[in-house]
Amino acid sequence: MTSEYMNNLYRDLLSNSPQTVTIPIPSDMGTGQIAQVVTKQGAVVSDWKMNYFSDMNVRGINSEDYIQMLFCLNDGVSWNIAGSREGACLAKGESCIYRGHGKMESLCYAQNSDFYFKNIKIPVPYFKRLLQDYFEDGEITVYEKKLLTGISKVSITPYMEHIFAELQDFTHYRGGLGYLFLESKIHELLSVYLSEVLELRILSPEYCCISKSERDCIIEAKRIIDSELAFAPSCEGLARQVQISVSKLSRGFSMMYGISVHAYVIEQRLERAAGLLLESNMNIGQIAVLVGYTKPSNFSAAFKKKYGIMPKDYREASRIK
């Protein structure tokens with residue numbers, strides 16, 4: 001019985017581990033293989049090693065459901081996108097990141113060339129969730145604008161190659177540990193791409209005029225507002241706390257978050273108040289004080305301006321539903 005239990009356990013561990021699917025290149029066409037593994041989050045990691053006996057023309061639709069990270073480790077390749085006047089190309093030692101466009105792509109693999117690509121496809125919802133979890137609003141806006149609408153091409157760095165080498169180590173782990181290891185390496189590679197390689201390239205011209213030290217100060221100012229909403233300092237007070245001029249804080253905050261410091265404070269206070277109206281039994285005056293208003297009448301006027309209804313009516317309407 002013990003032996004049967006262990007056999008079943010071992011079989012389950014193997015079947016629930018990341019599985020690599022390998023597709024060989026037909027022997028009459030060339031040599032090589034395509035290998036891929038899919039993570040629990042739906043990311044696809046694949047290796048493409050190919051050498052064709054004659055020019056190989058390939059066509060296919062690039063799915064809009066994924067962010068692609070493509071790394072060219074040997075002979076380069078170029079491809080054309082339907083409806084686009086410009087094609088794309090990768091030379092040895094280059095990489096690119098872009099979202100699939102749902103259009104037909106066509107490319108030609110030249111004969112007797114040694115092609116070696118690594119490709120990581122990240123589902124767009126998963127990618128957006130990562131941005132939301134780890135980045136500030138201003139950064140997210142810039143990353144999405146660049147990465148979801150264009151192609152960013154950069155050189156492969158030694159650190160990236162180091163991560164490539166470690167990616168294969170997921171086979172050393174069984175069950176969920178293998179998936180966990182694989183996901184962690186994808187995160188590591190993505191963070192290297194965004195922070196070490198793409199940071200300066202993807203920033204909009206307006207955002208670039210803000211120095212890194214100023215951005216850090218502005219991000220800290222937002223953190224202070226969020227953590228001390230009821231007693232949020234004035235713009236002048238915030239500027240003193242984060243050690244930046246009032247003008248730089250005001251201008252930079254608007255550039256990064258698309259809203260002024262004062263308007264952001266009001267918006268956050270009213271949104272928190274709306275939540276308290278629905279989730280608590282506190283009266284209007286208590287909620288007003290809790291979100292930073294000394295006079296309930298001022299709070300009610302601001303609330304109606306934003307939501308088009310008085311706080312009391314807002315609460316009653318939600319209860320009727």
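The paragraphs below look at how some strands pair in this predicted model and then at two loop residues with positive phi values.

A good place to begin is strand β8, which covers residues 94-99 and runs antiparallel to strand β5, residues 66-72, with five bridges joining the two. To find one of these contacts in the structure, look for I67, whose bridge partner in β8 is R99. Strand β8 also pairs with strand β11, made of residues 152-155, and here the sense is again antiparallel, with four bridges between them. On this side, one can follow I97 to S152 in β11, the residue that stands opposite. Strand β8 therefore has pairing partners in both β5 and β11, since two strands count as paired when at least two bridges are found between them. When tracing such strands, it helps to remember that side chains in a regular strand alternate between the two faces of the sheet.

From the strands we can turn to the loops. The loop that links β9 (104-109) to β10 (115-123) contains N112, a residue other than glycine whose phi is nevertheless positive, near 55°. N112 has a relative accessible area of 54%, and because exposed means over 50%, this residue is classed as exposed.

A second residue of this kind lies between two helices, for Q243 is found in the loop between α9 (235-242) and α10 (246-257). Its phi is near 60°, which is likewise a positive value in a residue other than glycine. Is Q243 buried or exposed? With a relative accessible area of 72%, Q243 is exposed.

Note on methods
Residues numbered from 1 in each chain as written. Predicted model: local features only at pLDDT ≥ 70, side-chain atom pairs only at ≥ 80, totals over all residues. Heavy atoms only, no water. Buried < 20%, exposed > 50% of the residue type's maximum accessible area, 1.4 Å probe, protein only.
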